[in-house]
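I sat down with this one to look up its sheet, one of its residues and its pockets. Here are my notes, in the order I made them.

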Amino acid sequence: MIIADLNEIEGRTYPAKRRTQNLVGGMSPIQCDNFCIGNVTLEPRGGQVPWHNQEQEEIYFIVEGTGEMCLGEERQTVKGGQVVFIPPGDFHQLTNTGDTPLRMIYCYGPAGDVAHWRQELTGTLPKEGIDVPALPDGAWPQCTEKPVE
């Protein structure tokens, strides 16, 4: 039996003020072909999963907190208890707009690497409105900071 314990998974911290802990896939001891799942904690007032897209369909389950979800040309407030469906290929971004941590669970399938993780760590994330489509009007800006080495 393989068990992934969230309490023992250090995860990775990104420049966009979030920590991602892979539960299935990535650096987790559990690997599947059909899906990946992870726990993400966004720091208050700006922690972010930056504007990106991927080939897999995905969901974000907001466990706690309040944020701004951008999906294509749409922008909405999301809060604990809600799930957002993200179709394959659609650009999306989640930002913590609240004063407390926002915690969410992602699930996407099929399993595989997501380019924005590498891009964030190398400072090569495509810039919205330049390299990729623009964010919806009024959205929090995309974090494209390169990590401090």
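The entries below go from the sheet to a single residue and then to the pockets.

**Entry 1: the ground rule.** I am working with a predicted model, and I kept that in mind throughout.

**Entry 2: the sheet.** I began with the strand order. Six strands make an open sheet, running E1-E2-E3-E10-E5-E8, with antiparallel pairing. I then looked for the edges and found E1 and E8, each of which pairs on one side only. For the twist, I noted that neighbouring strands are turned by 25° against each other on average, direction ignored.

**Entry 3: one strand pair.** I picked E5 (residues 57–64) and E10 (residues 102–109), which pair in the antiparallel sense over seven bridges. Following one of the residues across, I found that the bridge partner of Phe61 in E10 is Ile105. I also checked what lies on the sheet: helix H1 (residues 115–122) packs there and touches E1, E2 and E10. The direction of H1 makes about 65° with that of E1.

**Entry 4: Leu102.** Is Leu102 buried or exposed? I looked up its relative accessibility, which is 0%; buried means under 20%, so Leu102 counts as buried. This residue sits in strand E10. Leaving out residues up to four places away in sequence, I listed what Leu102 touches: Val40, Thr41, Leu42, Ile62, Glu64, Gly65, Thr66, Gly67, Leu94 and Asn96. Of these I followed up Val40, which is 62 residues from Leu102 in sequence, while their C-alpha atoms are 8.2 Å apart in space.

**Entry 5: the largest pocket.** Next I turned to empty space. The largest pocket has a volume of about 180 Å³. I found 15 residues lining this pocket, with Asn22, Gly26, Met27, Asp113 and Trp117 nearest its centre. Strands E1 (12–14) and E2 (18–24) are the elements that give two or more residues to the lining. By class, I noted seven nonpolar, six polar and two charged residues there.

**Entry 6: the second largest pocket.** This pocket comes to about 150 Å³. Its lining consists of Met69, Leu71, Glu74, Arg75, Gln76, Thr77, Val78, Gln82, Val83 and Val84. The elements giving two or more residues are E6 (66–71), E7 (74–79) and E8 (83–86). Which strand gives the largest share of this lining? I found that E7 does, with five residues. Sorted by class, the lining of the second largest pocket has five nonpolar, three polar and two charged residues. I also noted that E8, which contributes here, is an edge strand of the sheet from Entry 2.

Technical notes: Residues are numbered from 1 along each chain as its sequence is written. This is a predicted model: local features need pLDDT of at least 70, side-chain atom pairs count only at pLDDT 80 or more; totals for chains, interfaces and linings use all residues. Side-chain values use heavy atoms; hydrogens and water are left out. On a 1 Å grid over the protein atoms alone, a cavity is a set of points where a 1.4 Å probe fits but cannot get out, and a pocket is an open set with protein on both sides within 12 Å along at least five of seven lines; lining residues have an atom within 4 Å of a point. Grid points are joined across faces, edges and corners, and a volume is the space filled by probe spheres set on the points. Helices (H or I, at least four residues) and strands (E, at least two) are DSSP runs, numbered from the N terminus. Ala, Val, Leu, Ile, Met, Phe, Trp, Tyr, Cys and Pro count as nonpolar, Asp, Glu, Lys and Arg as charged, and the others, Gly among them, as polar. Two strands pair if DSSP finds at least two bridges between them. Axes are lines fitted to C-alpha atoms, for helices over the stretch in contact, and angles run from 0 to 180 degrees between N-to-C directions. Contact means heavy atoms within 4.5 Å. Buried means under 20% relative accessible area, exposed over 50%, partly exposed in between (1.4 Å probe, protein chains only).
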